[in-house]
Amino acid sequence: MSRASKGTAQGQVDGGRDLRIGNVTKRFGSFVAVDDLSLTVPSGSFFALLGPSGCGKTTTLRMVAGLEEPSEGSILIGDQDVTFAKPYRRPVNTVFQSYALFPHLDIFENVAFGLRRRGSKEVKKQVDDALELVELGGFAKRKPAQLSGGQQQRVALARAIVNNPAVLLLDEPLGALDLKLRRQMQIELKRIQTEVGLTFVHVTHDQEEAMTMADTIAVMNNGRIEQLGNPEELYESPTTTFVANFLGQSNLIRSSVTGTSGTDVQLEVHGGRLAMPQSRRNGATDDLLIGVRPEKIRISPTGQDANAEQNELLGGVVTDASFTGVSTQYLVRMPWGQELMVFAQNVGVGGVLAPGTQVDLRWDPAHTFALDGSLDAGAGVQRDEGATPVPVG
């Protein structure tokens with residue numbers, strides 16, 4: 001897309017056209033798919049609805065698109081109330097996982113379809129610009145069947161963008177692609193969104209996908225938002241066990257508060273003493289689940305690398321070691337029976353610790369977070385996708 005075309009596309013975006021979902025509930029009979037959901041998606045942002053199957057994210061997107069009607073609540077785009085408007089009367093377009101291209105039309109006519117229906121006078125320039133944006137400028141005369149899956153997805157994206165919607169909805173758009181191509185498209189989607197400045201609302205169950213692309217993520221569970229924030233905030237400072245387990249992997253260990261020291265909380269964990277910043281504590285009671293991400297932990301043979309300023313858990317035994325190239329992923333059984341995960345980065349120093357090796361675990365106290373001890377420690381664990389359930393002790 002030329003610099004002039006880019007400026008035009010960005011200039012057409014109305015900064016006052018935020019997507020606002022207010023107290024929206026959707027029922028299917030007695031089942032509540034979306035439960036009193038309220039959120040604002042700022043105009044021009046890349047926003048992700050992230051959660052497992054059945055959490056309500058796709059139903060939310062379908063209500064914004066006009067494919068479902070809310071049972072309660074309102075949906076506004078800027079000052080326009082679209083709660084019960086027909087889909088074709090909403091300033092939105094949707095990109096689906098299935099591409100939904102017209103097989104009998106060439107790529108140019110697929111992209112031009114909406115423009116021709118609206119009677120646009122600059123069809124060729126707009127289509128050419130859109131195809132250049134998605135790097136398919138030389139493919140205008142081909143048919144969809146002549147393109148790869150990734151190229152077809154780019155065509156679907158160009159067809160949606162060319163209509164300059166206030167909100168572009170993406171419903172698991174990369175789900176049909178293989179892993180390598182999916183990662184390439186994650187980068188491309190973010191580039192395109194930044195280039196055109198449109199509001200993207202992306203529905204996905206893929207944590208990496210959401211974190212790679214989105215400015216803001218709403219983690220959904222049982223029809224509600226568990227936590228909303230930028231990717232770093234959600235990953236480093238989860239406020240519920242569901243978010244801690246669903247967004248990446250966490251070690252959650254039962255602990256109790258024994259006191260404070262300056263700005264730190266002092267903790268007792270199975271006879272050991274740990275510390276963490278007071279600012280990273282969620283939960284008013286003294287019974288907590290403390291969490292630490294596997295890559296934050298340093299693993300070493302017992303008796304080595306002692307450090308008084310680090311949190312320490314001693315007396316572990318390696319039960320499994322999986323070398324993945326980038327890192328070695330360990331399971332370590334602690335004296336109280338719980339297995340903890342440790343991801344040791346491959347920096348070319350030392351070898352893989354064999355199962356049966358006695359080890360100690362250490363990490364910076366600032367990398368500890370604490371959650372309410374009454375929460376379900378297993379919430380958000382993706383057992384159906386091959387993750388190993390980790391017992392909490």
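This passage describes three regions of a predicted model: strand β3, helix α2 and the hairpin of β17 and β18. In this predicted model, local features need pLDDT of at least 70 and side-chain atom pairs count only at pLDDT 80 or more, while totals for chains, interfaces and linings use all residues. Residues are numbered from 1 along each chain as its sequence is written, and side-chain values use heavy atoms, with hydrogens and water left out.

Helices (H or I, at least four residues) and strands (E, at least two) are DSSP runs, numbered from the N terminus. Strand β3 spans residues 46–50, and five of its five residues are buried (under 20% relative accessible area, with exposed over 50% and partly exposed in between; 1.4 Å probe, protein chains only). Phe-46, Ala-48 and Leu-50 lie on one side of β3, and Phe-47 and Leu-49 on the other. Two strands pair if DSSP finds at least two bridges between them. β3 runs parallel to strand β8 (residues 199–204), to which five bridges join it; here Phe-46 stands opposite Phe-200. Four bridges pair β3 with strand β9 (residues 216–221), also in the parallel sense, and Phe-47 stands opposite Thr-216 in β9.

Helix α2 (residues 57–65) is largely enclosed by the rest of the structure, because seven of its nine residues are buried. Among the buried residues are Lys-57, Thr-59 and Met-63. Gly-66, just after α2, takes a positive phi of about 90°.

Strands β17 (residues 327–333) and β18 run antiparallel and are joined by seven bridges, with Gln-329 opposite Phe-343 in β18. Five of the seven residues of β18 (residues 339–345) are buried. Five residues lie between the strands of this hairpin, where Gly-337 takes a positive phi near 100°.
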